[in-house]
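Subject: Structure handover

Hello,

Here is the structure you asked about, with notes on what was found in it. Please read the notes with the model open.

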Amino acid sequence: ILVQLPLPRHMREEQVIHLIDPDKDVDGFHPMNVGKMVQGLPSFIPATPLGILLMLEHYQVPTAGKHAVVIGRSNIVGRPISILLNRNAYPGNCTVTVCHSHTPNLAELCRQADIIVAALGKPRFLKADMVKEGAVVIDVGITRVPDSSKKSGFSIAGDVDFDAVAPACSYITPVPGGVGLMTIAALLQNTYQACLQRSI
């Protein structure tokens, strides 16, 4: 079972998520799964953070001892990925700084980062002057922006000013075609794991 967020305004997200059987919570949002994740116990990890971990692992990106900056503190991406990058495992063992709308020196912190996870929902927020040479930049954002050249009237933009930032990076994810695809893969992995657990 997964709940497509955000919910309509008349529905309480917390109340709906609490109704899900934790053993079927393949999106990893139930408090029981979140608690297990925080404690490093086997659990369903939220799909987007899990997708990021799978990507880092696939490309063998070094994480131990690195400084990771997470921009955004949502329960869906920011908080869980900050916990996972800090865990005593690979990918992990990072020193993690979580930034948000009240962080006064955000650009300065980003320039110190070896790994940046941009998950704040503001198109093209992360600029070239905020990224140091050789950084790994993971763009989680996906926003529709007006674009008269498109038949739909909009194009999709990430939280990173991709064309400007990419030349400085050792790795960077595109939008679309990056983290979104990994989210789907991670969700299917969690679903498969749920199926295996039910058959035991």
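The buried residues of helix α4 pack against α2, α3 (47–58), β1, β2 and β3. Those buried residues are G78, P80, I81, S82, L84 and L85. The helix itself covers residues 78–86 and lies across β1, β2 and β3 (115–118), running at about 170 degrees to β1. Please bear in mind that this is a predicted model, and that the values below are computed from it.

The sheet

The sheet is open and has 5 strands, in the order β2-β1-β3-β4-β7, with parallel pairing. Its edges are β2 (95–99) and β7 (171–172), each of which pairs on one side only. At the β2 end, 5 bridges in the parallel sense connect β2 to β1, which spans residues 67–71. One position to look at there is I71, whose bridge partner in β2 is C99.

Further along, β3 and β4 are paired in the parallel sense over 4 bridges, and I115 stands opposite V136 of β4. On the other side, β4 runs parallel to β7 and is joined to it by 2 bridges. V136 appears here too, opposite Y171 in β7.

Strand β4 and I138

Strand β4 is covered on both faces: V136 and I138 are buried on one side, and V137 and D139 are buried on the other. I138, which lies in β4, has a relative accessibility of 3%, and therefore counts as buried, the cut-off being under 20%. Leaving out residues up to four places away in sequence, I138 touches I52, L56, I115, I116, V117, A118, T173 and V179. As a distance reference, the C-alpha atoms of I138 and R12 are 30 Å apart, with the two positions 126 residues apart in sequence numbering.

Charged side chains

How many salt bridges does the count come to? The count comes to 2.

One of them is between D114 and K132, with the closest N and O atoms 2.8 Å apart. It links distant parts of the chain, 18 residues apart: D114 is in the loop between α5 (106–112) and β3, and K132 is in the loop between β3 and β4 (136–139). K132 has 28% relative accessibility, so it counts as partly exposed.

D161 and K127 form a salt bridge as well, with a closest N to O distance of 3.7 Å. This pair also connects distant parts of the chain, 34 residues apart, with D161 in the loop between β6 (154–157) and α6 (162–165) and K127 in the loop between β3 and β4. The relative accessible area of K127 is 34%, so K127 is partly exposed.

D25 may be worth a look when you assign charges. Where does D25 lie? D25 is in the loop between α1 (13–18) and α2 (31–39). D25 is buried but has no salt bridge, and the nearest side chain of opposite charge is K36, 9.9 Å away. The side chain of D25 does reach the backbone nitrogen of H30, at 2.8 Å. Apart from neighbours within four places in sequence, D25 is in contact with I1, I20, H30, N33 and F44.

Backbone geometry

Most residues other than glycine have a negative phi, and most peptide bonds are trans. The following positions depart from that pattern.

- L5 and P6 are joined by a cis peptide bond, with omega about 0 degrees; P6 is in the segment before α1.
- Y90 and P91 are joined by a cis peptide bond, with omega about -10 degrees; P91 is in the loop between α4 and β2.
- Q60 is not a glycine, yet its phi is positive, near 50 degrees. Q60 is in the loop between α3 and β1 and, at 64% relative accessibility, counts as exposed because the cut-off is over 50%.
- R124, also not a glycine, has a positive phi of about 55 degrees. R124 is in the loop between β3 and β4, and its relative accessibility of 38% makes it partly exposed.

Regards

How values were computed:
Residues numbered from 1 in each chain as written. Predicted model: local features only at pLDDT ≥ 70, side-chain atom pairs only at ≥ 80, totals over all residues. Heavy atoms only, no water. Pairing = 2+ DSSP bridges. Contact = heavy atoms within 4.5 Å. Axes fitted to C-alpha atoms, helices over the stretch in contact; angles between N-to-C directions. Buried < 20%, exposed > 50% of the residue type's maximum accessible area, 1.4 Å probe, protein only. Lys, Arg positive; Asp, Glu negative; His and termini not counted. Salt bridge = Lys/Arg side-chain N within 4 Å of Asp/Glu carboxyl O. Polar contact = N/O pair within 3.5 Å; in protein donor to acceptor, adjacent residues only side chain to side chain.
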